[in-house]
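Here is a quick tour of one model, written for someone who likes to know the cut-offs. Have the viewer open as you read.

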Amino acid sequence: ERPLLKRVLVYGSSNTAGFYETVDEKKPEGSYYYPYGLELAKALAPEMDVEVQSCGLCGTTAKTMAKDLNADIIKAKFSRRGKGISRIITEHGPFDLVLIMAGTNDLLGISRGGAPLFSSTDILENIKA
């Protein structure tokens, strides 16, 4: 007997959205999306009934995600839009598990027009500490 439906929310930036660009001959050149939530659902499916909801906001920093927790609309890069995580949980929850992937854009400096927030030396020093 399979357990009851488990609900998972995956939330984050372009990594969560599954953003990638291609120059593959089989696809027109451009931007595509393949959220990791799809693979997560497939991987869990043999063991349990699972529903995975995904919200990937390209170019969004952890700071923006924290500031916009209750936002009805967050406008992200590449015309992507989504809600703040608290809003999603309130309106579409409850969830048994919430996975948040954040920080990549903070390190890349997306929020400051491309100037990295941390140097590679800073990151290594923090890892060592």
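## Asparagine 70 and its loop

Leaving aside neighbours within four places in sequence, asparagine 70 is in contact with Ser86 and Arg87, where contact means heavy atoms within 4.5 Å. This is a predicted model, so local features need pLDDT of at least 70 and side-chain atom pairs count only at pLDDT 80 or more, while totals for chains, interfaces and linings use all residues. Residues are numbered from 1 along each chain as its sequence is written, and side-chain values use heavy atoms, with hydrogens and water left out.

Asparagine 70 sits in the loop between H3 and S5; helices (H or I, at least four residues) and strands (E, at least two) are DSSP runs numbered from the N terminus. The C-alpha atoms of asparagine 70 and serine 86 are 5.3 Å apart, with their positions 16 residues apart along the chain. Asparagine 70 counts as exposed because its relative accessible area is 53%; the classes are buried under 20%, exposed over 50% and partly exposed in between (1.4 Å probe, protein chains only).

Aspartate 68 is found in that loop too, between helix H3 (62-67) and strand S5 (74-75). With 17% relative accessibility, aspartate 68 is buried. Outside its neighbours within four places in sequence, aspartate 68 touches Ile74 and Gly84.

## The sheet and its helices

Three strands make an open sheet in the order S4-S1-S7, with parallel pairing; strands pair if DSSP finds at least two bridges between them. At the edges are strand S4 (50-56) and strand S7 (97-101), each pairing on one side only. Neighbouring strands are turned by 15° against each other on average, direction ignored. Strand S1 (residues 6-12) pairs with S4 over 7 bridges, and glycine 12 stands opposite glycine 56 in S4.

Helix H2 (residues 36-44) lies across S1, S4 and S7 and runs at about 165° to S4. Helix H4 (residues 85-92) also packs on the sheet, touching S1, S4 and S7, and its direction makes about 160° with that of S1. For these angles, axes are lines fitted to C-alpha atoms (for helices, over the stretch in contact), and values run from 0 to 180 degrees between N-to-C directions.

## Salt bridges

How many salt bridges does a search of the whole structure find? The count is 6, each being a side-chain nitrogen of Lys or Arg within 4 Å of a carboxyl oxygen of Asp or Glu. Glutamate 51 bridges to arginine 7, with the closest N and O atoms 2.9 Å apart. That pair links distant parts of the chain, since glutamate 51 is in strand S4 and arginine 7 in strand S1, 44 residues apart. Glutamate 51 is partly exposed at 33% relative accessibility, whereas arginine 7 is buried at 17%.

In helix H2, glutamate 39 and lysine 42 are 3 residues apart, so about one helical turn separates them. Their side chains meet in a salt bridge at 3.4 Å, N to O. Back at the loop, aspartate 68 pairs with lysine 67, the closest N and O atoms being 3.1 Å apart. Lysine 67 is exposed, at 63% relative accessible area. Finally, Asp72, Lys83, Arg87 and Glu91 are linked in a salt-bridge network.
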